[in-house]
Amino acid sequence: FISTRHVCFISAPLRSSSTDIHSNTKWIQNGLTVAGGNGHGNGINQLYNPRGLYVDDDQTIYVADLSNHRIVEWKCGATSGQVVAGGNGSRNGAHQLNSHSDVIVDKERDSLIICDNGNERVVRWPRRNGTSGETFISNISCMDLTMDENGSLYVADNGKDEEEGVKQGIAVASGQGSGNSLSQLSGPGGLVVDQLGAVYVAEYSNHRIMRWPKGATKGSVIAGGKGEGGQSNQLNYPIGLSFDRHGNLYVADQWNNRVQKFNIDSNS
């Protein structure tokens, strides 16, 4: 990777989970809609192509509401959200976002860090009553973000390649071509790595979330995988995922314009 003082640029999306998820954990297959789910639109109870998401310690969800060019905060149990960044059209002003793809929370600075992909920048936005953001990385094809426990920021940059210093990685999930078998992926999107090295992938073309234990040659479906659809046990172009501190799974179900929560099965 290419490293500056506190920022690393990587060639693939990576999000880590501080939650210790047991290798035998299973999730209830019927998800709960915890944000959106009221058709696509720009109402405060709606989402329009949600992509990235971040779940805070109190289960507050921050959603990169891509086609509305805004970040929406949904409190646990709320039936509508609150716009906390953007929502002022899709231009490049300091108070605007443009087809942004991801958001995380910097707890130390109490701010949001946003991949403003359409404007090729990463911006920092005050989490409380912020009216504009500050660009601190420019000219970057930013897709995904994560921050480690030391406060170092990692940015997935589509514009970086091996010629610019990015090292060739090894396949840790699939590598067996595109398909829908348990040894394949089709349209991998958001990705999380847990403390045991298991890889979780939002696989949008197969409408499922896969878990690949470290070193495994096959994965397992932990959510979705029952065809494209809008039922509680289905997903439609899932693109982002995150876990809360209890290990419950949250999925940005893009074409259903909702965020689904899959609770841990207490019997697993």
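Guide: Welcome! Let us start with one term: a residue is buried under 20% relative accessible area, exposed over 50%, and partly exposed in between (1.4 Å probe, protein chains only). In this protein chain of 268 residues, 51% are buried. The model is predicted, so local features need pLDDT of at least 70 and side-chain atom pairs count only at pLDDT 80 or more, while totals for chains, interfaces and linings use all residues. Residues are numbered from 1 along each chain as its sequence is written, and side-chain values use heavy atoms, with hydrogens and water left out.

Visitor: What is the mean pLDDT of the protein chain?

Guide: pLDDT is the predictor's confidence in each residue, from 0 to 100. The chain has a mean of 87, and 86% of its residues reach 70 or more. Residues 1-5 fall below 50, and this stretch has 14 contacts beyond near neighbours in sequence (contact means heavy atoms within 4.5 Å). Residues 161-168 also stay under 50, with ten contacts beyond four places in sequence. Where pLDDT is low, the predicted coordinates should not be read in detail.

Visitor: How many helices and strands does the protein chain have?

Guide: Helices (H or I, at least four residues) and strands (E, at least two) are DSSP runs, numbered from the N terminus. Here the count is zero helices and 21 strands. Among contacts between residues at least 6 apart in sequence, 49% join residues at least 24 apart.

Visitor: I would like to read a sheet. Which order do the strands have in the open sheet that includes β9?

Guide: Strands of a sheet pair through backbone hydrogen bonds, either parallel or antiparallel. Two strands count as paired if DSSP finds at least two bridges between them. This open sheet of four strands runs β9-β10-β11-β12, and its pairing is antiparallel. At its edges are β9 (102-106) and β12 (134-138), each pairing on one side only. The average twist from one strand to the next is 25 degrees (axes are lines fitted to C-alpha atoms, for helices over the stretch in contact, and angles run from 0 to 180 degrees between N-to-C directions). To trace one pair, follow β9 to β10 (residues 111-116): five bridges join these antiparallel strands, and Val103 has Ile114 of β10 as its bridge partner.

Visitor: And which strands stand at the edges of the sheet with β4 and β19 in it, and why is one side left without a neighbour?

Guide: That open sheet has four strands in the order β4-β21-β20-β19, again with antiparallel pairing. β4 (32-36) and β19 (238-243) each have a single partner strand, so one side of each lacks a neighbour in the sheet. β4 pairs with β21 (residues 258-262) over four bridges in the antiparallel sense, and Thr33 has Gln260 in β21 as its bridge partner.

Visitor: How many residues does the largest nonpolar core have?

Guide: A nonpolar core is a set of buried Ala, Val, Leu, Ile, Met, Phe, Trp, Tyr and Cys residues joined through side-chain atoms within 4.5 Å. The largest one has 23 residues, and those with the most contacts inside it include Tyr62, Ile71 and Ile114. Several elements give it two or more residues, among them β9, β10, β13 (142-147) and β14 (153-157). The biggest share, four residues, comes from β10. Besides this core there is a second, separate one of 15 residues, which includes Tyr200, Ala202, Ile222 and Phe262. Back in the largest core, Ile71 has contacts beyond four places in sequence that include Tyr62, Val103, Leu112 and Ile114.

Visitor: Is β13 enclosed or not, and why?

Guide: Five of the six residues of β13 are buried, so this strand is largely enclosed by the rest of the structure. β13 and β14 run antiparallel, joined by five bridges, and Cys142 has Asp157 in β14 as its bridge partner. Their hairpin has five residues between the strands, and Gly151 there takes a positive phi near 85 degrees.

Visitor: Where does Ala198 lie?

Guide: Ala198 is in the loop between β15 (188-193) and β16 (199-203). Ala198 counts as buried because its relative accessibility is 5%. The C-alpha atoms of Ala198 and Lys214 are separated by 5.0 Å, with the two residues 16 apart along the chain.

Visitor: Which residues does UniProt list for "repeat: NHL"?

Guide: The unreviewed UniProt entry lists residues 40-72 and 234-265. UniProt positions are given in the numbering used here, feature names are shortened, and annotations may be inferred rather than shown by experiment. In the model, residues 40-72 are 0% helix and 42% strand, with end C-alpha atoms 14 Å apart. Residues 234-265 are 0% helix and 50% strand, and their end C-alpha atoms lie 17 Å apart.
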